[in-house]
Amino acid sequence: MTAGFDKKALVIKVQGGEVSCDFAQQTTPGVSRLKPYQPGKPISELARELGLDEKAIVKLASNENPLGPSEKVVATLQSECADLARYPDGSGYQLKQALAAKLSVDPQGITLGNGSNDVLDLIVRAWVSPGDEVVFSEHAFAVYPISTLAASGQPVQVPAKDYGHDLVAMAAAITDKTRVVFIANPNNPTGNWLDRDALKTFLQSVPERVLVVLDEAYCEYIDHPDYPNGLDWLADYPNLVVTRTFSKIYGLASLRVGYSVSSVAIAEVLNRVRQPFNVNSFALAAAVAALADEDYVARSKAMNTDGLRQLEQGLDVLGLSYIPSLGNFITFDTGHNGEQVYQTLLKRGVIVRPVTGYGLPAHLRVSVGTPEENQAFLDALPAALSEVAAL
Ligand SMILES: *Cc1c(COP(=O)(O)O)cnc(C)c1O
């Protein structure tokens, strides 16, 4: 018996006959509608393609912390190596204790994930059966439709209002089949945000049987008096889940660690579906150290606030409009084909993020970097725009 591969189909030849098995056609209905997530282009990849030194490349494409990791985290990771051969603490006891103390929440309501994306996925896996509806906004974070389709749920994408969540329309989109509503505050890739009154009114209008996931990946950057802390509502809304991450202000994107805070009942369900050791020892230890390094967090926040101003002013000077952002990134209108501007910036060693896949073909998202990185982007942009205009 011999077996031969043709691109998608596995053809198994059995004595005399042939059994053809096209695996791409045999996925679950949701998976057949999925496209792979498009991450920011890695520095190493562009360096290879252009034959450039990695140090000559500026990556402002994945909302990463431009400070690099906290020194305290690096020291912690070194000591963690001694236990490499052991499984991590599957309950994440120390990190949950540290988070509970910091956030004044019940540690039993905390669920840890391999990035907060893992927790978003666990929520869908636990509550969304094939055909169940999941509501989110147009231009919202890509992981919501990915997790929904992976579970063969039905994504219900509600048209955005001024690039942001239209909460009235989202509430109206809830049906008997709705299991989960995702809200990113602020949203990625648009950066815009919802104030306390708007979100509270929304929460009041959602039936208690529908889970509301409030994704607060960027909350630690924000001081605005009208920006709500979702944790304040957990006691009043047992259907609320607040998710956060160590990938952004805490500077641990590579280690993958995030969490949700919810009722204990919801956390107990999530604990059933998660992989037994979904967060590794390095991530657990690093997160505890990062949480304690308040100086690093303060520096990250200050650099971001200044960087947002720098990028806004630079875009103003170029006469480019942008969506006001409270995150660590800004999405701006190139006035051209965004993909072409992106490609032209790549040739100049600057990686930003196209957002065509988010329904924003003329926009690009730029993450806040160091002052020098922001300037390198602002310096490269006018020539890139002229080049595209001349195409
Ligand atoms: C970056 C981001 C996250 C974080 O994802 P991790 O898996 O924790 O790295 C979650 N939600 C949104 C909206 C984000 O932009």
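Here are legends for several close-up views of this structure, which is a predicted model.

**View 1. The annotated stretch, residues 57-381.** An unreviewed UniProt entry puts the feature "domain: Aminotransferase class I/classII large" here. Helix makes up 38% of the chain over residues 57-381 and strand 17%. The C-alpha atoms at the two ends of this stretch sit 14 Å apart.

**View 2. Helix α9 (residues 264-273) and its buried side.** Look for I266, A267, V269 and L270: these are the buried residues of α9. They span an arc of only 160° around the axis, so they end up on the same side of the helix. That fits the usual helix pattern: with 3.6 residues a turn, residues three or four places apart point the same way. Over on the other side of α9, A265 and R272 are exposed. The cover on the buried residues includes two helix and strand neighbours from one part of the chain, β5 (110-113) and α5 (116-127). Strands β9 (211-215), β10 (240-245) and β11 (258-261) are also part of that cover.

**View 3. T243, a buried residue in strand β10.** T243 has a relative accessible area of 0%, so it counts as buried. Beyond its neighbours within four places in sequence, T243 touches V119 and L120, the run V213, L214, D215, E216 and A217, and also Y259 and S260.

**View 4. Helix α12 (residues 338-347) and its two ends.** At the start of α12, a side-chain oxygen of N337 comes to within 2.9 Å of the backbone nitrogen of E339. Just past the helix, G349 adopts a positive phi of about 80°. In between, the buried residues of α12 are G338, V341, Y342, T344, L345 and L346. Among the elements covering them are helices α2 (43-50) and α13 (371-389), along with strands β14 (350-351), β15 (353-354) and β16 (363-367).

**View 5. The largest nonpolar core, 56 residues.** L95, L99, I183, L240, F246 and L252 have the most contacts inside this core. Helix α10 (residues 281-292) is the top contributor, giving 7 residues. At least three residues come from each of domain 2 (43-62 + 295-389) and domain 3 (71-294). Zoom in on I183: leaving aside neighbours within four places in sequence, its contacts include Y144, H165, L167, M170, L194, L199 and F202. I183 also touches V212, V213, L214 and D215.

**View 6. A second, separate core.** This one has 29 residues, including L315, V368, A384 and L385.

Notes:
Residues numbered from 1 in each chain as written. Predicted model: local features only at pLDDT ≥ 70, side-chain atom pairs only at ≥ 80, totals over all residues. Heavy atoms only, no water. UniProt positions renumbered as here; feature names shortened; annotations may be inferred. Helix = DSSP H or I, 4+ residues; strand = E, 2+ residues; numbered from the N terminus. Buried < 20%, exposed > 50% of the residue type's maximum accessible area, 1.4 Å probe, protein only. Arc of directions from axis to C-beta. Contact = heavy atoms within 4.5 Å. Polar contact = N/O pair within 3.5 Å; in protein donor to acceptor, adjacent residues only side chain to side chain. Core = buried A, V, L, I, M, F, W, Y, C linked by side-chain atoms within 4.5 Å. Domains from an automatic or database assignment.
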